[in-house]
Amino acid sequence: MKPDRRMAIRSRQFRLRYPRFRTRPGLMPMGQMRPVVDKDNPESADYDWRVGEGEGNFILLGDRPTAGWNMIELGITHDQRSAAACITFDLGRGFERRHSIFLVIRRGKVSKRVCFVPYGTKRIRLEPLVGQQGQFRIDHFNFVWLTPRFAYGRMINRLAYADKRFQEVDEKAIVRSLKQEGKEEGISWKKLMGAYYEATFIHCAPETSYEYWQEHIEILREPSANKVARQQAQFQNPIELAVVLISNGKEAQAAGDHHQLLESVRSITEQRYPHWHLYLAESLLEAHDGQTWADRVVARDGRIRRVTGGVGEAVKMACDPNGESCHYVMFVRVGDRLGLNSLFHIANHCQITPDAALIYGDEDIIDASGQRTAPNFKPHWNLDFLLATNYIGHAAAFAKDQLESRLQVFSREGGLELHRLLLELIVGVDETRIHHVPFVIYHNAEANRVSPERRIDESREAISAYVESVDPQAMVSPAGDKGCRIAWSVPEPAPLVSLLVPTRDRVEILKPCVDTLLALTSYPHYEVIILDNGSTCVETLAYMEAIENDPRVRVLRYDKPFNYSAINNFGVRHAKGSIIGLVNNDIEPINPDWLTEMVGHVCRPDIGCVGAKLYYPNDSVQHGGVILGLGGIAGHAHRFFPRAHPGYQNRLSLVQNLSAVTAACLLVRREVYDEVDGLNERDLTVAYNDVDFCLKVREKGYRNLWTPFAELYHHESISRGADDNPVKQARAKREVDYMRRHWREALQQDPAYNPNLTMSYEDFSLR
């Protein structure tokens, strides 16, 4: 028998012989935790507890678990579609978030994870539904003591499938990699392993847990000084970076602004990457009372230049082919700061992609107390998001050759029309030359934040100038205080849209869908094709016969076994429209112009699939677009968020490009549908056929798009039912296996998402 096997058997026998190593704690409710008293209510009958607004949790009673490695087993039945639990240890200084661990909680299932119970633990707290209100019942809760060897094995096993750095690598290779990294960074490999393992569970809301994320996760992702030095030593032809200090657009207040100027310059002079030049315009120094101070820093560091005139002259000097041979230019507002490795990340990326026209990174805000808050973890290049808001911001480095012909974007006051510069840059530049580095490289001063009105006015002017050259009939308007909305023109005459609605029986679902489509849709030229997959219900058949009297409706019979892909491909062959709409039979439009909005986008020649914003009947978000890799294959962005919520970085409120959208409501031009041979009716008969379809469309060079301005209700999958028998479960597994096999690389990292955001939850929490 192998030693590992013998060890596992001994460990199990030891725990059975000494039952105190399996702890079943009692629970004392605290805060907003209340027992469910209305058991006669069918909606509450299965639950024991309700957590309301504010913090609700339990303090664990009875014997505490043995210190050291433990397996937590937690099973909760709850009324949420997804949830996370948090366990926090009190080491004598109260409950601190840095001593917290997280678990993904799936309804009716026991979740397990390894954790280290700290020595000296005084109390333990359980938050069963982190950040959520709802009802639940705790079915199972144990701490089981583990031998270190067993615990390490479980953690390495999880890293092998949950951390993309270690996928398709055997356990011994993972250990070797951890040991090598630990040796290079001077960190115990076991500590690294524990941190990477924790990162696969962590649930950090950006609004409340960013400090926790910085302390536990970012510190491991950011390269140390030693690692930066080693990598720089391997650079071939290291690039030169120019940093131009620009106005923050605010009135100068000598003393205060002098300090802000100093902080900005210090963040540049302390960079670990040494190949840079800083340009300080005389007009900026005068406005901020910095001339005397500038004399000292220029004398101390030869990389700092004083430039006669304004910021425009400073940029010209940075771009001067006869001056320093800089390759990229960054613009830093007075008061803002660069991260310690900011220039290194840009230079390092240039070693991989030396022809980049634009490199941008993530950013956050430094508040009045000096704390970093409000992280903005951005997607990779996303043109339609940029046409709604300047999501890139100041955390960007521009190739010098791209700036030389665009110096007019610098205003006389020394500011920068940044959104205009970005939109001008993309004209004539291939998108493959625009790159994103997933590190926080820029810290905005809270005092530099501009009002939403000013920000939107500036963006609207920049977007209007861009749109005028693309679609002169398009209209640009504010989208509340979140950004801008473009109403793209619809061709004349309006193209025919064929809305395909597969169905079987269930007239109580079909009738509201079709009736609302016909009554509410303001778009003038569409047909509804009901694809009847073997209905036998008398009422359903009678309704379909009656509704065919409407000239906009046709009913086609598809009398074969259910195959969602095949049914829709059949419908497309019989459709008359040049635009195909895939519509579930449990969809109900909300706003009359929903179809006009989607047609305006889908008629753009570079757009492939267009998706809509869908809600559950309780007005929570069901679909805000599809994120690849979420939960294993794909998940819906912002699911269960309130209808009025703007979403992470306003992404529930603005048009953007996404890798995929749901076929519950999807528009695509017929020519594109045919180009990719439609839906995959051989391998994906029920699930993921829409994700597969969207990825095929993306492979052909089209951009898929999601719009929040087409709103519909979706009674998700109530017509098909759940995968609740062995046959359906086997089919579901085959479809999952196909997606993992065929789209393995695409599922690793969605360009419309960010590597620092979770792959376990659908709420854009931190990873």
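**Exercise 1. Work out whether His394 is buried or exposed, and what surrounds it.**

Start with the accessibility. His394 comes out at 15% relative accessibility, so it counts as buried (buried is under 20% relative accessible area, exposed is over 50%, and partly exposed is in between, using a 1.4 Å probe and protein chains only). Keep in mind that this is a predicted model, where local features need pLDDT of at least 70, side-chain atom pairs count only at pLDDT 80 or more, and totals for chains, interfaces and linings use all residues. Residues are numbered from 1 along each chain as its sequence is written, and side-chain values use heavy atoms, with hydrogens and water left out.

Next, place the residue. His394 sits in the loop between α12 (383-386) and β17 (396-399); helices (H or I, at least four residues) and strands (E, at least two) are DSSP runs, numbered from the N terminus.

Then list the neighbours. Skipping those within four places in sequence, His394 is in contact (heavy atoms within 4.5 Å) with Ile246, Met330, Phe331, Arg333, Glu363, Leu418 and Tyr442.

Finally, try a distance. Ile217 is 177 residues away from His394 along the chain, and their C-alpha atoms are separated by 24 Å.

**Exercise 2. Describe how α3 packs on α4.**

Two packed helices are described by the angle between their axes and the distance between the axes. For α3 (residues 171-185) and α4 (residues 189-199), the angle is about 115 degrees and the axes are 8 Å apart. Axes here are lines fitted to C-alpha atoms, for helices over the stretch in contact, and angles run from 0 to 180 degrees between N-to-C directions.

Now classify the angle: α3 and α4 are therefore roughly perpendicular to each other (under 35 degrees is roughly parallel, over 145 roughly antiparallel, 65 to 115 roughly perpendicular, and the rest oblique).

Who makes the contact? On α3, Val175, Leu178, Lys179, Glu181 and Gly182; on α4, Trp189, Leu192, Met193 and Tyr196. Sort those residues and you get 6 nonpolar, 1 polar and 2 charged (Ala, Val, Leu, Ile, Met, Phe, Trp, Tyr, Cys and Pro are nonpolar, Asp, Glu, Lys and Arg charged, and the others, Gly among them, polar).

**Exercise 3. Find which residues of α17 are buried and where they point.**

Pick out the buried set in α17 (residues 538-547): Thr540, Tyr543, Met544 and Ile547. Looking down the axis of α17, these fall within an arc of 95 degrees, so they line one face of the helix; the arc is that of the directions from the helix axis to the C-beta atoms. An α-helix has 3.6 residues a turn, so residues three or four places apart point the same way.

Flip to the other side of α17 and you meet Val538 and Glu545, both exposed. The buried residues of α17 pack against β21 (497-503), α16 (507-520), β22 (526-532) and β23 (553-557).

**Exercise 4. Track down the backbone oddities at Pro493, Arg506 and Asp677.**

Most residues other than glycine have a negative phi, and most peptide bonds are trans.

- Glu492 and Pro493 are joined by a cis peptide bond, with omega about -5 degrees. Pro493 is in the loop between β20 (483-487) and β21.
- Arg506 has a positive phi, near 50 degrees, and lies in the loop between β21 and α16. At 32% relative accessibility, Arg506 counts as partly exposed.
- Asp677 has a positive phi, near 65 degrees, in the loop between α20 (670-675) and α21 (689-699). At 66% relative accessibility, Asp677 counts as exposed.
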